[in-house]
Amino acid sequence: MRTQPNAAIRAIFSRRSVGRLSVPGPSEGELITILRAGAAAPDHKLTRPFWFVVFEGKAREEFGALLTEALIDRLAAKGLQPTPGQLDKERNRFTRAPLVIAVAAVRNEEISLPEQEIISAAAAAAQNMLLAATSLGYGSIWRTGEPAYDPRVKAALGIKETDFIVGFLYFGTIAEGITPEPHDPDISSITSAWEA
Ligand SMILES: Cc1cc2nc3c(=O)[nH]c(=O)nc-3n(C[C@H](O)[C@H](O)[C@H](O)COP(=O)(O)O)c2cc1C
């Protein structure tokens with residue numbers, strides 16, 4: 001007899017990226033659970049290479065102003081000017097959901113680790129957050145885009161240019177009429193059993 005999937009397994013398969021997210025977002029208590037789920041991710045040598053920045057309410061619009069300036073600078077460096085559409089998109093980037101969490105991988109100056117390992121740990125933290133939010137009944141999406149690689153954006157998040165923004169995680173209530181299909185992955189093309 002097949003065992004029934006438990007809540008964690010159900011969350012893994014039902015988590016889907018949902019771009020249309022509205023209020024209500026997670027409560028303060030749920031936000032703490034999501035952040036703690038992130039911080040519970042594995043990390044090599046216990047260096048805790050995580051840095052989470054929470055954006056709610058007005059902070060999302062205020063950060064939009066900084067994202068807009070960063071876009072203007074990126075384009076200016078290429079001799080270009082933004083279109084009104086680009087400015088609008090940048091200004092409203094974080095208002096697409098009631099809660100955004102930036103997840104960064106930060107180096108520990110005392111304990112050196114390959115870059116890959118701090119990014120892996122931070123990515124595990126990000127996925128833990130998405131799964132926690134899914135379990136709590138919220139929709140989510142992991143986004144990156146040019147701002148994730150912009151030194152000015154990194155500085156505004158309080159991280160160094162050599163650290164990494166692994167993602168901007170958006171959380172909220174799944175918009176009405178959207179029913180994400182659970183995953184039903186086929187592993188045959190990505191799995192092999194090693195043989196000598
Ligand atoms: C590192 C990373 C960056 C991503 N960046 C974006 C993004 O900038 N915009 C977006 O719409 N989705 C982004 N996604 C979400 C993927 O498009 C999505 O996970 C993929 O299509 C699989 O769908 P699912 O999340 O529903 O399983 C990103 C996902 C990852 C892991």
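Biologist: Which polar side-chain atom distance links S17 to an oxygen atom of the ligand?

Modeller: A polar contact is a pair of N or O atoms within 3.5 Å; within protein, one must be able to donate a hydrogen and the other to accept it, and residues adjacent in sequence count only if both atoms are side-chain atoms. In this structure, a polar side-chain atom of S17 lies 2.5 Å from a ligand oxygen atom. The corresponding distance is 2.8 Å for R16 and 2.9 Å for R15. The protein covers 52% of the 620 Å² of accessible area that the ligand has on its own (Shrake-Rupley method, 1.4 Å probe; for residues, only the protein chains shown count as cover). This is a predicted model: local features need pLDDT of at least 70, side-chain atom pairs count only at pLDDT 80 or more, and totals for chains, interfaces and linings use all residues. Residues are numbered from 1 along each chain as its sequence is written, and side-chain values use heavy atoms, with hydrogens and water left out.

Biologist: Is R93 buried or exposed?

Modeller: Buried means under 20% relative accessible area, exposed over 50%, and partly exposed in between (1.4 Å probe, protein chains only). R93 is buried because its relative accessibility is 12%.

Biologist: What does R93 contact, leaving aside its neighbours within four places in sequence?

Modeller: Contact means heavy atoms within 4.5 Å. On that basis R93 touches L67, T144, P147 and Y170. The R93 side chain also makes a polar contact with the side chain of E90, at 2.9 Å.

Biologist: How is I12 classed by accessibility?

Modeller: I12 counts as partly exposed because its relative accessibility is 38%.
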